[in-house]
Amino acid sequence: MLIPVRRIVATCALGALGVALAACGTSEAPGARAPKPAPPGPPASASGSAVPPRPPTLAPGPGGLTPVFTNGPRTRGRTVALTFDADMTADQGPRAAGGEHFDNPRLINTLRAFKVPATVFMTGRWADQYPAEARAVGRDPLFEVANHSYSHYAFTKDCYGLPTVAKDRMRADVERAYAAFRRAGVPHPMPYFRFPGGCYDQQALRTLSATGVTAVQWDVVSGDAFATDSDAVARQVLEGVRPGSVVVMHCTRSAAPATERALRTIVPELRKRGFRFVKVSELIGAANQHR
């Protein structure tokens, strides 16, 4: 759905190290084990897989502004999109070299084991750091890769302490992320963009209009950023989900360590309630049909 131009404020506070996360978004019994991973989908051929149909996007907003999507229709079935931000800022290479893990392969394998489709909003810097993982996610038909900027710097001022992208560099930062996806071997990244920190204003929407992306926000904050209590994360998601919801979570081991455990409660419970997991592209397609 289109929403009024404003800056989104996530509902959980980020700590001093929070520049690694885009937005803040659990339950398991002690000793619970992750489900056995299912094998990923077949990789694309060396010559490249067939080009899929153009993904659905929203029409530009008033004055040609980049459209903003927060959730799908509430009356077209009990669907929900789990989205995961793969965050890494442009200056965090030394931390990765020192052993900090900005990836979370176990979480991706848990999604595969549960056969849960998902949308991964990836920074270009993350793709550069983990090209094999970016390629595996991008070539797995269970997932779709979308753009979370290259640098994970903010597109407005005063956004959770993130450095700010200059106005004349915003478009280039988005395009640089797509270039990083191509280098990693992601065959068909989606024309969807999530603002770092969820922060945007009219200037940012106007500046990015030439890229043709749809900005994707959320209506359910998981609270997984820096959370260690998987029960609390699961509870917050389960209390917030409605038909058509977009849930924001993270697949960053060091900064969202409880997310994978929370999924082992969230997924079975939502299915028990009759929800079907979909990618963001399906919700946007449904929104276009609903208009």
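# Briefing: helix packing, a cavity and selected loop residues

The axes of helix 7 (residues 230-240) and helix 8 (residues 259-272) come within 8 Å of each other and cross at roughly 30°. The sense of this crossing is right-handed. The structure is a predicted model. The points below cover this helix pair, helix 2, the largest cavity and several loop residues.

**Contact of helix 7 with helix 8**

- On the helix 7 side, the contact is formed by S230, V233, A234, V237 and L238.
- On the helix 8 side, the residues that they meet are R261, A262, T265, I266, E269 and L270.
- Sorted by class, the residues of this contact comprise seven nonpolar, two polar and two charged.
- In an α-helix, residues three or four places apart point the same way, because there are 3.6 residues a turn.

**Helix 2 and its surroundings**

- Helix 2 spans residues 105-114, and its buried residues are L107, I108, T110, L111, R112 and A113.
- The strands against which these buried residues pack are strand 2 (79-86), strand 3 (118-122), strand 4 (143-147) and strand 8 (245-250).
- The buried residues of helix 2 also pack against two helices, namely helix 4 (131-139) and helix 8.
- Helix 8 is thus a partner of helix 2 and also of helix 7.

**K115, just after helix 2**

- K115 follows directly after helix 2 and takes a positive phi of about 55°.
- This residue belongs to the loop between helix 2 and strand 3.
- K115 is classed as exposed because its relative accessible area is 58%, above the cut-off of 50%.
- Apart from neighbours within four places in sequence, K115 is in contact with L142 and R271.
- The C-alpha atoms of K115 and F277 are 9.1 Å apart in space, although 162 residues separate the two in sequence.

**The largest cavity**

- The volume of the largest cavity is about 40 Å³.
- Its lining consists of N104, I108, V120, W126, E133, V137 and C251.
- By class, the lining contains five nonpolar residues, one polar residue and one charged residue.
- I108 appears in the lining of this cavity and is also one of the buried residues of helix 2.

**Loop between strand 4 and helix 5**

- S149 is located in the loop between strand 4 and helix 5 (170-184), and H152 is found there as well.
- S149 is not a glycine, yet its phi is positive, at about 80°.
- H152, likewise a residue other than glycine, has a positive phi near 60°.
- S149 counts as buried because its relative accessibility is 0%, which lies under the 20% cut-off.
- H152 is also buried, because its relative accessible area is 0%.

**Two further loop residues, T75 and G198**

- T75 lies in the loop between strand 1 (68-69) and strand 2.
- T75 is exposed, because its relative accessible area of 64% is over 50%.
- A distance of 8.1 Å separates the C-alpha atoms of T75 and G244, which are 169 residues apart along the chain.
- G198 is placed in the loop between strand 5 (192-193) and helix 6 (202-207).
- G198 counts as buried because its relative accessibility is 0%.
- The C-alpha atoms of G198 and C159 are separated by 8.4 Å, with their positions 39 residues apart along the chain.

Key: Residues numbered from 1 in each chain as written. Predicted model: local features only at pLDDT ≥ 70, side-chain atom pairs only at ≥ 80, totals over all residues. Heavy atoms only, no water. Axes fitted to C-alpha atoms, helices over the stretch in contact; angles between N-to-C directions. Helix = DSSP H or I, 4+ residues; strand = E, 2+ residues; numbered from the N terminus. Left-handed = near helix turned anticlockwise from the far one by under 90°. Contact = heavy atoms within 4.5 Å. Nonpolar A, V, L, I, M, F, W, Y, C, P; charged D, E, K, R; others polar. 1 Å grid on protein atoms, 1.4 Å probe; cavity = no way out; pocket = protein on both sides within 12 Å on 5 of 7 lines; lining within 4 Å. Points joined across faces, edges and corners; volume = space filled by probe spheres on them. Buried < 20%, exposed > 50% of the residue type's maximum accessible area, 1.4 Å probe, protein only.
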